[in-house]
Amino acid sequence: MYFRSLRFKLTLWYVFILGILLISFSGFLYFTLSNSLYRDADKKLRSLAELISSESTSPLFKFGFGNIDQALETAMNFKPIGKFIQVLDESGRIGKKSENLKNVQLPITLNALRNATNGLITFETNRSFENIPLRIITFPVKENNQVVQIIQIASSLEDVEDALNTLLIILLVTVPSALMIASLGGQFLANRALKPVDRIAQTARMITSQNLNQRIQTLKVKDEISRLIDTFNEMISRLDRSFRQIKQFTTDASHELKTPLTILKGEVEVALRKKREAHEYEQVLESNLEEIDRMSKIIEDLLLLSKADIGEVRLQKEDINLTRFINDLVEQMKILAQPKNIKIETSNHHEEIHILGDSLRMRELFINLIDNGIKYSEEGGFLRITLSTEVHSREKSPFSLMEREETHYAKITILDHGIGIAKEDQEMIFNRFFRVDKARSREQGGSGLGLSICKWIVESHQGDITVESELGKGSSFTVRLPLYPH
Amino acid sequence: MRILIIEDETKVANFIKKGLEEEHYAVDTAPDGEAGLYMAEVNEYDLIVLDLMIPKIDGWEVLRRIRSSKNFVPILVLTAKDTAEDIVRGLDSGCDDYLTKPFEFKVFLARIRALLRREGTVKEPFLKVSDLTLSPITHKVIRGTKEIELTSKEYALLEYFMRNPNKVLTRTMISEHVWDYHFDSMTNVIDVYVNYLRKKIDKGFEPKLIRTLRGVGYILSAERQNLKKG
């Protein structure tokens, strides 16, 4: 589990990259240093050789056996410490030697000797000499372009190699331990940075439909993690809202169904408590029938809306001559308006209006709206239904500012002079089960879903529905539906 | 016993009223919180049945206002709100009982009897003064060994007397607890009914239980001396 975790991967990458960096840096350091140390040693050997050979008073010019140290000291006031010097003649026979060589001699390779007789300088490293690593220069001394003698100077490489070895040891110890420390530090940092992720996961795991009011604690610093938390919290809020809506809807629906159920049960129970006259039973049965009808209506409407919610209602759209359609409907509705002596007037557009719609749903829509108008009008009032067209123009897309799209709408307004709707209620009336006046609505046989269904019908036809109203003066519902061009 | 029903659903209020009246209760109804509060204030009820989701002033507020005016009339909340939270909130807000809709009418009546019993001094399920007993459940009235037939109003009147024995009951008190608000208390209907009742429960029995206190009202008592005004 741990090896798959993000913090492990982060640490691993971090250590890997740091390791490559450290190793290449160490290598670079080691080779530069060793190069420079060797070059330095060579330079010293060469300058010494040059110095010795260039001096005219040099004891070199008198070839022979003996101690060269003394000769150098007396001639040049020079005491070469830590250097082995031996002088050979041009054929490679050994002459003078420095004192520290005692009875041994510096090794000379064939290659170096050949070079020297050809007048070339040779640098060599030799490890076979008394267990001391030596750097040897084989330097030809020329006179009139003629090699007369060969000087060999050697110096110990022990110091250089010691220094390099020490450096190597230091690097071998420090690089891995630096990587260890870095991996711990990296893990600590990864832990620190990822800790909120654990908290998010923990909270998210605890959240169920029961505690959607919980939120993940936000961070003080606004970084990526805090953005993640904000996003999470917003998502929970959205879930919370929709859960609440569903809950509210369920409560409302069950309450709506409980009222007729209470009446049914109560009336029957009271009626059965003793023997009664036939007409009393009749009354109860009639009232029960009313309640059953009401329940059926609520259930029907609920079913329609829930089907609409999941997109299961299929619309059979056809060409509807709206002008004729509304006029026919109004003729039928006049029968309903008669008992309250309400007049319905229609004012038509000068030309016929066509829309593409499901005629059954359109019927339901306008019957609902006109019926509401009748229900909430006083006796002897009147409704006015107006048909017209409207053009809405909007930019086609945000990128083409010049191109504008024009949509032509049929606009149907149903105006009543009834009780009106208070401002604060106006935006609620399309909500399911919202009722301005519960008692009145139920008396009129409403399910509390009529306007929700109207809204759904209009929107499923790409239109919109709005209301304007003033309390006590009346309401005006406006439906806009896209025109069907002919 | 007089009961107020605060319920906006006319049909619900109607069948409750009908059912209660058939059990000899005097019943008034109020269609909203405002009317309900007003009626609870001006009349003296033995019990209030309250719906929570009612227009103008909601049931919670009605409950709060009745209790804050130091009116401790038993209140039975009758509502479709049936979650545990609602029931707890209702009982904690000061109602005495909580019944959810739809409900069994039998249970509703039993709860009303229990609430009325709880309020009175008599904790037994039946009422008894001397050798006169009355059962609020079966509505049977027995004097000695004889069962007495009473009309609905006579029964309601007797129940009120028997729930308040040894107390002087004025005509106003009687009219308030036995009749609903349609009753015109200026008539002598109360005297007429008390006389009917007297004929049925006292005629031919000793001791006489109902006595008239001239200019004051009536008292139901087995003892002649005990005439404290209640």
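## A walk through chains A and B

Select chain A to begin: you'll find 11 helices and 12 strands there. Keep in mind that this is a predicted model. Chain A has 486 residues, and 22% of them are buried. Its contacts with a separation of 6 or more include 63% between residues that sit 24 or more positions apart.

**Colour chain A by confidence**

The average pLDDT for chain A is 84, with 92% of the residues at 70 or above. For the high end, pick strand β12, residues 474–482 of chain A, where the mean is 93. For the low end, pick helix α10, residues 438–443 of chain A, where confidence falls to a mean of 63. A word of caution for stretches like that: where pLDDT is low, the predicted coordinates shouldn't be read in detail.

**Select α1 and α4 of chain A**

Now show residues 6–54 (helix α1) and residues 158–206 (helix α4) of chain A; their axes approach to within 9 Å and cross at roughly 160 degrees. Angles over 145 degrees count as roughly antiparallel, so that is how α1(A) lies against α4(A). Turn the view to look at the crossing itself: α1(A) goes past α4(A) in a right-handed sense. Which classes of residue make up this contact, nonpolar, polar or charged? Colour by residue class and you'll get 24 nonpolar, 8 polar and 1 charged.

**Zoom in on A:Leu257**

Next stop is A:Leu257, which sits in helix α5 of chain A. Is A:Leu257 buried or exposed? Somewhere in between: a residue needs 20 or more C-beta neighbours within 10 Å to be buried and 12 or fewer to be exposed, so A:Leu257, with 17 of them, counts as partly exposed. Leaving out residues up to four places away in sequence, A:Leu257 touches A:Met295 and A:Ile298. While you're here, click on A:Arg294 too: this residue is 37 residues from A:Leu257 along the chain, and their C-alpha atoms are 8.9 Å apart.

**Bring chain B into view**

Turn on chain B and look at where the two chains meet. Each chain puts 15 residues into the contact. Which elements of chain A give two or more residues to the side that touches chain B? Select α5 (224–271) and α10 of chain A. The biggest giver is α5(A), with 11 residues. By class, chain A's side of the contact holds 4 nonpolar, 5 polar and 6 charged residues. Remember the low confidence in α10 of chain A, at a mean of 63, when you look at this part.

**Move over to chain B**

Hide chain A for the last leg. Chain B comes to 8 helices and 12 strands. Of its 230 residues, 38% are buried. Among the contacts in chain B with a separation of 6 or more, 59% link residues 24 or more positions apart.

Finish with helix α6 (residues 152–163) and helix α8 (residues 189–201) of chain B, whose axes are 10 Å apart and which pack at about 85 degrees. At that angle, α6(B) and α8(B) are roughly perpendicular to each other. To see the contact, show side chains for these residues:

- From α6(B): B:Lys153, B:Glu154, B:Leu157 and B:Leu158.
- From α8(B): B:Tyr193, B:Val194, B:Tyr196, B:Leu197 and B:Lys200.

Sorted by class, this contact has 6 nonpolar residues, 3 charged ones and no polar ones.

Key: Residues numbered from 1 in each chain as written. Chains lettered and ligands numbered in written order. Predicted model: local features only at pLDDT ≥ 70, side-chain atom pairs only at ≥ 80, totals over all residues. pLDDT = per-residue confidence, 0-100. Helix = DSSP H or I, 4+ residues; strand = E, 2+ residues; numbered from the N terminus. Contact = placed C-beta atoms within 7 Å. Nonpolar A, V, L, I, M, F, W, Y, C, P; charged D, E, K, R; others polar. Axes fitted to C-alpha atoms, helices over the stretch in contact; angles between N-to-C directions. Parallel < 35°, antiparallel > 145°, perpendicular 65-115°, else oblique. Left-handed = near helix turned anticlockwise from the far one by under 90°.
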